[in-house]
There are 2 protein chains.
Amino acid sequence: MGVLLEQIDGPEDVKRLSTSQLKALAGEIREFIVRSVSKTGGHLASNLGVVELTLALHYVFDFKHDKLLWDVGHQCYAHKIITGRREGFSRLRNGDGISGFPDPGESVYDQFLVGHAGTAIATAIGLAIGQAKQNHEDRIVAVVGDASIVNGVSFEALNNLGLVKRQLLIVLNDNSMAIDATQGAVAKYFSRIRLSHTYEDLRKTTGNILEHMPVIGKGVEEVIERIKKSIRMVLPASQMFESLNIPYFGPVDGYDVGSLIQLFKALAELEHPAILHIYTKKGKGFVPAEEDGRRFHSTGPFKSNGDAIKHRNSGKRFTDAFGESLVELVENDERIVAISSAMCDGTGLSRFRSRFRDRFYDVGIAESAAVDIAAGLCKSGLRPVVAIYSTFLQRSFDQILQEVALQNLPVVFAIDRAGVVGSDGPTHHGLMDIGFLRMMPNMVVVAPADAVEVRLALEFGLSANRPVAIRYPKDFVPEKRYVRAACAKPFKLGEAVFIRRRKASRIAIASFGSVLREAMEAARQLKDEGIEVDVINARFASPLDRRLISLLENGKGLVTVEDHGLACGFGSAVLEAVAGDSERPVERRIAMVGAPRRIIRHDSRASQLAKCGVTAGEIAGKAKGLLSSVELRV
Amino acid sequence: MGVLLEQIDGPEDVKRLSTSQLKALAGEIREFIVRSVSKTGGHLASNLGVVELTLALHYVFDFKHDKLLWDVGHQCYAHKIITGRREGFSRLRNGDGISGFPDPGESVYDQFLVGHAGTAIATAIGLAIGQAKQNHEDRIVAVVGDASIVNGVSFEALNNLGLVKRQLLIVLNDNSMAIDATQGAVAKYFSRIRLSHTYEDLRKTTGNILEHMPVIGKGVEEVIERIKKSIRMVLPASQMFESLNIPYFGPVDGYDVGSLIQLFKALAELEHPAILHIYTKKGKGFVPAEEDGRRFHSTGPFKSNGDAIKHRNSGKRFTDAFGESLVELVENDERIVAISSAMCDGTGLSRFRSRFRDRFYDVGIAESAAVDIAAGLCKSGLRPVVAIYSTFLQRSFDQILQEVALQNLPVVFAIDRAGVVGSDGPTHHGLMDIGFLRMMPNMVVVAPADAVEVRLALEFGLSANRPVAIRYPKDFVPEKRYVRAACAKPFKLGEAVFIRRRKASRIAIASFGSVLREAMEAARQLKDEGIEVDVINARFASPLDRRLISLLENGKGLVTVEDHGLACGFGSAVLEAVAGDSERPVERRIAMVGAPRRIIRHDSRASQLAKCGVTAGEIAGKAKGLLSSVELRV
């Protein structure tokens with residue numbers, strides 16, 4: 001570790017340094033981040049980009065009282081390092097280490113447990129209004145990336161910035177690249193600004209801002225007028241924000257820590273909201289990440305030259321199975337198009353994009369619009385596949401219901417990261433998709449158990465003539481094929497597959513999706529104890545296979561298994577079907593395995609599944625519990 | 001009916017008229033709308049505003065092939081009248097009549113069943129891309145209001161308009177007033193534009209546009225350059241859209257049908273997206289509605305002078321009970337603030353707003369940001385009450401989970417229009433809120449049964465120190481107090497109220513919220529048949545009162561009753577609790593009353609409840625069904 005960094009136990013230590021020491025410290029922090037992340041994995045490129053910004057912010061503000069909001073939050077490592085959490089980086093994103101996102105449970109320097117894009121400005125507005133109402137003087141800073149500011153929530157917030165009549169600084173951290181290459185009008189606007197000036201201009205801008213800064217105590221309009229006069233001569237960058245009545249300063253160099261400090265000192269005194277536009281670079285200071293920001297957005301362990309260190313368990317992921325299947329299927333059907341919301345790589349669509357560029361649409365971080373655009377594509381006769389992580393699809397709940405389900409449009413939703421997601425933690429789990437989707441009329445909810453089923457599910461979805469949601473986890477597909485011929489059967493609406501049938505069995509295990517692995521292992525364990533059980537690969541959470549209910553009617557006990565919240569999940573759907581099944585409900589015996597309704601911290605996916613009780617052992621235990629109850633009765 | 005209107009059986013009849021005839025027809029349509037809506041109720045102000053626009057669109061385009069998308073859709077009456085649905089207006093929004101929103105089930109002239117704001121541009125983008133991909137030449141027009149274009153989904157779509165490389169016309173219908181007075185930067189921008197010109201300028205603009213129109217076949221950038229040169233001299237209105245790279249034309253007069261026709265003819269030939277900004281007036285032509293667009297946004301029957309015709313059943317609504325309670329409670333607690341998303345009147349907050357203007361925030365149609373702003377307010381120490389209809393709160397699912405529930409912030413959600421909503425129909429039902437809320441950690445979900453309970457629930461929510469959602473229907477509070485002292489007990493976390501207890505009862509009815517009325521009536525009917533039942537006012541869907549489970553353990557049958565989908569609702573929560581209750585599940589007997597998972601058409605709320613089986617008769621029937629099953633067993 002660097003000599004300066006060793007002495008930084010909190011932001012007060014940063015405040016003591018000179019500008020040249022801050023520059024040196026930035027270098028040490030960068031080294032520290034690269035070394036740490038090379039061992040633990042984590043978000044790299046975004047964090048290397050904002051080291052100087054972080055130092056300048058902590059130099060000027062006192063975030064024990066002032067509020068610092070990181071949008072998305074995947075750029076908070078330098079912030080964590082200098083707020084007393086340096087040691088935690090050896091176990092970053094591990095169950096016994098610190099989180100990769102801001103977390104108020106970890107530190108008073110963090111405000112919100114965040115992870116989704118576009119929320120910082122809106123929450124900052126609320127904080128600012130609240131501060132003003134209670135006559136608090138604490139200053140508020142929200143740092144928002146260029147990819148995140150185009151999100152609908154960001155825009156709704158920008159449109160409401162006028163509600164704030166006091167200081168609120170938005171730092172627009174423009175690294176001219178989202179996770180995937182940014183697309184869209186605002187990105188083009190930023191890129192036009194970028195092209196309209198030289199590096200020398202950036203320095204002039206800083207000087208200009210500082211020179212014209214005695215605008216304290218003036219209203220927004222007057223400030224905007226002064227900025228126009230002073231800065232517009234240099235750069236015509238303020239047009240968009242001006243039309244929204246937001247005082248805009250910049251763009252300036254995000255690595256000139258001395259200038260940043262001067263600017264923050266001046267901007268902190270404004271008595272109204274303002275935007276400072278700064279330029280940074282993803283991966284700054286680590287050549288492999290500068291060259292491939294996308295790969296180093298979120299990375300596993302890597303060597304000093306940037307080469308990935310292969311994980312022992314690596315193999316084919318569900319994501320890969322989806323991407324490969326789609327590329328194959330698309331050859332036979334000209335109507336198929338794919339939509340991504342700034343997650344082309346993450347959702348396995350890279351190969352699709354490069355092979356079928358004219359059938360691929362990335363709408364940026366705009367999950368709501370993505371679904372509505374899909375609805376329009378569908379209505380025109382195409383067959384869109386919308387690939388969005390389960391957690392981000394929560395942003396599209398209303399659009400899926402209104403524009404897709406109510407119209408009964410055959411949009412296919414490829415829902416990656418369904419279930420617990422491992423190291424990203426609470427903000428990224430996909431534990432609610434079965435619930436919010438199965439409430440909708442017309443919607444079909446399926447889950448494939450392995451790679452073959454991913455393809456079968458996709459084939460089914462593309463020919464179903466109604467909306468179909470396909471969920472699968474952030475995990476490898478099972479190496480072992482539990483299922484031979486039976487599983488290769490095409491998906492048929494509402495039809496489960498009976499994987500294992502035992503004559504003497506008194507218990508059936510019905511699993512939904514990839515947890516078939518755990519279900520089969522439970523069956524094996526039970527067999528070792530002399531207990532035979534059936535195993536059913538449910539395939540559908542909605543509509544359900546009525547044979548599941550028949551099993552119960554025939555007196556069998558049923559254990560449902562899912563990688564989803566117990567509330568409103570697959571097991572819950574089974575319970576509802578049973579309760580609604582007849583005019584005269586009779587006794588049924590069901591036990592459910594799934595995630596409890598509580599916050600599940602960052603950890604390995606395997607540990608999280610274990611903590612949720614989604615393991616072969618728990619399933620076997622539930623089966624035995626049911627069995628004893630069944631035996632008591634018969 | 002007017003002589004011209006009589007002859008209009010379809011858009012082809014409109015195309016045959018002269019400009020002066022079109023003007024006369026507009027007057028006749030206006031009269032027709034006012035007369036119809038005065039009898040049936042419906043959306044008035046928005047529909048009167050766009051009659052000339054509608055005629056001009058149908059005059060120029062052929063919407064049997066071309067696609068017309070009305071954003072929100074509450075301005076489609078003139079469109080329906082001239083597309084063969086005039087007769088249907090006598091039963092507008094009634095079960096046997098036409099819908100108040102576009103509905104493809106009614107007519108080929110409607111594209112999407114819509115009702116929520118901000119979706120037209122995004123769906124139009126999808127349609128346009130699909131048309132281009134399949135070499136269809138059909139033209140596409142999306143009509144979006146100034147209140148709706150500030151919504152996050154609209155903005156995400158505008159940011160992605162560059163995906164479209166063919167014709168797509170967006171008509172920005174600027175009536176300078178949303179349902180409630182528009183607030184926000186974009187509204188102020190539009191109002192600055194409005195103030196910057198005279199009526200004479202509008203005429204000049206039209207001339208200028210038409211003069212400089214030979215821009216066909218040019219790229220977007222070139223068109224923007226030409227527009228700048230030609231129009232900017234007159235009006236500096238294009239700044240915002242220019243920065244988004246969207247060719248912007250206007251503003252022009254929305255009542256000059258001749259000019260509109262010329263403009264549409266010209267704009268229809270553009271080979272890229274464009275925006276035409278037109279001025280209209282809510283309520284145009286009917287003085288009471290011009291003067292009070294808010295009251296006539298959605299109205300019941302009224303007299304020719306605009307005075308409301310009082311409904312026989314009128315009384316205090318749940319909405320009123322909420323509004324009154326909040327005004328009373330706020331006096332004792334300085335921390336309480338209220339947030340509305342463009343629905344101040346609809347959510348009963350008008351009195352609060354006028355009395356506590358500095359504690360009320362209307363963020364416009366921006367439900368997502370509303371919740372995040374509330375989270376910020378809460379974090380600063382205030383106690384925000386967010387009042388949003390159940391159906392629109394679907395837009396905030398992700399924000400409620402991420403920024404509120406995961407942080408365990410004590411935001412109170414006042415969820416009006418929970419349950420079936422009557423005449424607005426499928427897009428407006430609130431049948432999913434219990435489901436999507438009860439999946440979230442920390443979230444409390446309650447429902448008051450009457451006016452007294454609305455206040456008690458609110459008191460509870462404001463003191464709970466965790467997020468609390470309070471749901472109630474678009475209905476009158478019950479006149480009869482089923483509940484005496486018992487019900488006046490303060491809400492206590494997870495505690496139900498036993499309203500009626502009978503020693504000999506073998507069945508209990510557990511109702512959630514306003515359906516206590518139906519539950520009590522069912523108990524009365526059953527008593528007439530000699531069957532005694534308990535009735536429980538559950539109050540909480542999450543967390544549940546464990547005594548509900550104990551009842552079952554003691555061998556009673558339980559009927560759950562709710563005005564919500566059966567999927568993932570209150571009854572489902574009871575089922576889950578039972579299944580998860582013990583290591584050794586035993587037999588239980590539960591029947592559920594609630595809405596099925598299908599599309600429930602516009603109708604009276606009472607009819608919809610009846611169709612869903614949420615009636616005293618159905619409850620009694622379920623109880624008897626259970627009873628016979630219980631008897632069989634014992």
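**Close-ups of a two-chain model**

**View 1. Four phenylalanines in the largest nonpolar core.** The largest nonpolar core holds 208 residues, and the ones touching the most other members are A:Phe413, A:Phe436, B:Phe413 and B:Phe436. Keep in mind that this is a predicted model. As a bit of background, nonpolar side chains in soluble globular proteins tend to be buried together.

**View 2. Who sits around B:Phe413?** Here we zoom in on one of those four phenylalanines. If you skip the neighbours within four places in sequence, B:Phe413 is in contact with B:Val371, B:Val386, B:Leu393, B:Ile400 and B:Val404. Further along the chain, its contacts include B:Met443, B:Val468, B:Ala469 and B:Ile470.

**View 3. The surface shared by chain A and chain B.** On the chain A side, 108 residues are in contact with 110 residues of chain B. Putting the two chains together buries about 9400 Å², with carbon and sulfur atoms giving 60% of that area. Look for A:Glu156, A:Met439 and A:Arg597: between them they supply 8% of the area that chain A buries against chain B, more than any other three residues.

**View 4. Salt bridges and polar contacts across the interface.** Two salt bridges turn up between chain A and chain B. One of them pairs B:Arg395 with A:Asp398, whose closest N and O atoms are 2.9 Å apart. There are also 41 residue pairs in polar contact between the two chains, counting pairs with both residues at pLDDT 80 or more. Sorted by class, the side of chain A that touches chain B has 51 nonpolar, 35 polar and 22 charged residues.

**View 5. Along the rotation axis.** A turn of 180 degrees, with a shift of 0.0 Å along the axis, lays chain A on chain B with an RMSD of 0.0 Å. The two copies are therefore related as by a two-fold rotation axis. Which residue of chain A comes closest to the rotation axis? That's A:Gly152, with its C-alpha at 1.8 Å. And since 100% of the interface residues of chain A are also interface residues in chain B, the copies meet through the same surface.

Key
Residues numbered from 1 in each chain as written. Chains lettered and ligands numbered in written order. Predicted model: local features only at pLDDT ≥ 70, side-chain atom pairs only at ≥ 80, totals over all residues. Heavy atoms only, no water. Contact = heavy atoms within 4.5 Å. Buried area = accessible area lost by both parts, 1.4 Å probe. Salt bridge = Lys/Arg side-chain N within 4 Å of Asp/Glu carboxyl O. Polar contact = N/O pair within 3.5 Å; in protein donor to acceptor, adjacent residues only side chain to side chain. Nonpolar A, V, L, I, M, F, W, Y, C, P; charged D, E, K, R; others polar. Core = buried A, V, L, I, M, F, W, Y, C linked by side-chain atoms within 4.5 Å. Buried < 20%, exposed > 50% of the residue type's maximum accessible area, 1.4 Å probe, protein only. Least-squares fit on C-alpha atoms with pLDDT ≥ 70 in both.
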